[in-house]
Amino acid sequence: MALAALMVGAPLSAQHREAALAPEVSAPHFDIASPAPSVLARPYALRRAASAVALGMGNVGAVLTDADVLFYNPAMLTQARGMALSVQADHPDATNGAIASAQTLGGLGLGLGARVATWRGSAPDMAFVRPSPRDIVSSSVALTAGAARGVGPVRVGLSATYAREANENAQREHTTVDAAATLPFGPGNALNASVIVQHVGRAIAPLADDEAPWRTVFAFGGRNYPLATFWDLSAFTQVMLDADGTIRTAGGAELAWVPLEGVSLALRGGVRDGAPVERPYTAGVGVSLDNWSLDYALDPRRDGRVAHRVGVRIR
């Protein structure tokens, strides 16, 4: 019996070491399901918002024209310029941030970016867990490079992401690819329709090894429609189909007051569904002066917390 126990115990120990990065669930605040399995198959840094502008509008970022569109829709790199940086505090034991830069080279739009997240105990989007000082600290890092160009009337783009998650017990790595196509149309090509296939690759999470992390995003929207004198309206919507069949929708809008060229004040709002720990609405505000913009987004949680994201854009 002792020999049999040792023979069984060895692989179990290895399995436990391999699953050390899996979120640890204890003392839930409410009985709410975790995210869909295909969501958990993605690195935590890729499960968080990557833009204060997008988060303020339901985290719909596929039609943005700033550098951090790299993380949402690489095809829009043909329009993106400059640099974008944003950071978010989900709670005192969990923070994340993103930085991206975009430029043109010949007929190509190029982008480079990084996303970083750290947390103590369970990942904040897993369950309502109150972190304990005894919980281990984990980190998630994702590096992304992308390129896009116009092919006739269509913009096409590709990006590749290397991700690494680690804590004091284990680490895991993987690489995924995003592919996207965007068709601009309407007056002045102000409207865009996009199809993006994201996170094509293997799962990174030990508890989701049998799940595919990819998803397909269908997005539509337009920016800076002249609503009235000094007022512009932007609106976006998207439908996301995860590999496990989960369908989620989101949408948002921005109302901008533009009293002078290069000066604007923007109010943003968004709705979303399918998130077990997030409330279905977001809000934000942005101020722009010439090539500089400062943005803020409000991200309410179902446990009563409110996450805040602040970003800077330079064009």
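Two residues are in contact here when they have heavy atoms within 4.5 Å of each other. Keep that in mind as you look around this predicted model. The protein chain has 315 residues, and 47% of them are buried. Its elements come to four helices and 14 strands.

**The chain as a whole**
- Take the contacts between residues at least 6 apart in sequence: 54% of these join residues at least 24 apart.
- The accessible surface adds up to about 14,600 Å², and carbon and sulfur atoms account for 64% of that.

**Three strands in a row: β8, β9 and β10**
- Start with β8, which covers residues 215-228, and β9, which covers residues 231-242; they run antiparallel and are joined by 11 bridges.
- To find your place in this pairing, look for A219, which sits opposite Q238 of β9.
- Two residues lie between the strands in the β8 and β9 hairpin, where F230 has a positive phi near 75°.
- β9 also pairs with β10 (residues 247-260), again in the antiparallel sense and over 11 bridges.
- Here V239 is a handy marker, as it faces T249 in β10.
- The hairpin of β9 and β10 has four residues between its strands, and in it G245 takes a positive phi near 95°.

**A close look at G97**
- You'll find G97 in strand β2, which spans residues 94-105.
- Is G97 buried or exposed? Its relative accessibility is 17%, so it counts as buried, given that the cut-off for buried is under 20%.
- V87 is 10 residues away from G97 in sequence, yet their C-alpha atoms are 4.1 Å apart in space.
- Setting aside neighbours within four places in sequence, G97 touches S86, V87, A114, R115, V116 and R309.

**The second largest pocket**
- This pocket holds about 480 Å³ of space.
- Its lining is made up of 22 residues, and those nearest the centre are R223, N224, S264, S288 and R313.
- Two or more lining residues come from each of β8, β10, β11 (263-272), β12 (281-289) and β13 (292-300).
- Which element gives the most to this lining? That's β11, with four residues.
- Sorted by class, the pocket lining has eight charged, eight polar and six nonpolar residues.

**Cavities inside the model**
- Rolling a probe the size of a water molecule over the atoms is a way to see where empty space remains.
- The structure has three cavities of 30 Å³ or more.
- The second largest cavity has a volume of about 40 Å³.
- Around that second largest cavity you'll see L46, L70, F71, R115, T144, S159, T161, D178 and H199.
- R115 turns up twice in this tour: it is part of that cavity's lining, and it is also in contact with G97.
- By class, the lining of the second largest cavity counts three nonpolar, four polar and two charged residues.

**Two asparagines with positive phi**
- N59 isn't a glycine, but its phi is positive, at about 60°.
- To spot N59, go to the loop between α4 (52-55) and β1 (82-91).
- With a relative accessible area of 23%, N59 is partly exposed.
- N189 is another residue other than glycine with a positive phi, this one near 55°.
- N189 belongs to the loop between β6 (171-185) and β7 (191-200).
- The relative accessibility of N189 is 43%, so N189 counts as partly exposed.

Methods: Residues numbered from 1 in each chain as written. Predicted model: local features only at pLDDT ≥ 70, side-chain atom pairs only at ≥ 80, totals over all residues. Heavy atoms only, no water. Pairing = 2+ DSSP bridges. 1 Å grid on protein atoms, 1.4 Å probe; cavity = no way out; pocket = protein on both sides within 12 Å on 5 of 7 lines; lining within 4 Å. Points joined across faces, edges and corners; volume = space filled by probe spheres on them. Nonpolar A, V, L, I, M, F, W, Y, C, P; charged D, E, K, R; others polar. Buried < 20%, exposed > 50% of the residue type's maximum accessible area, 1.4 Å probe, protein only. Areas by Shrake-Rupley, 256 points an atom, 1.4 Å probe, with all protein chains shown as cover.
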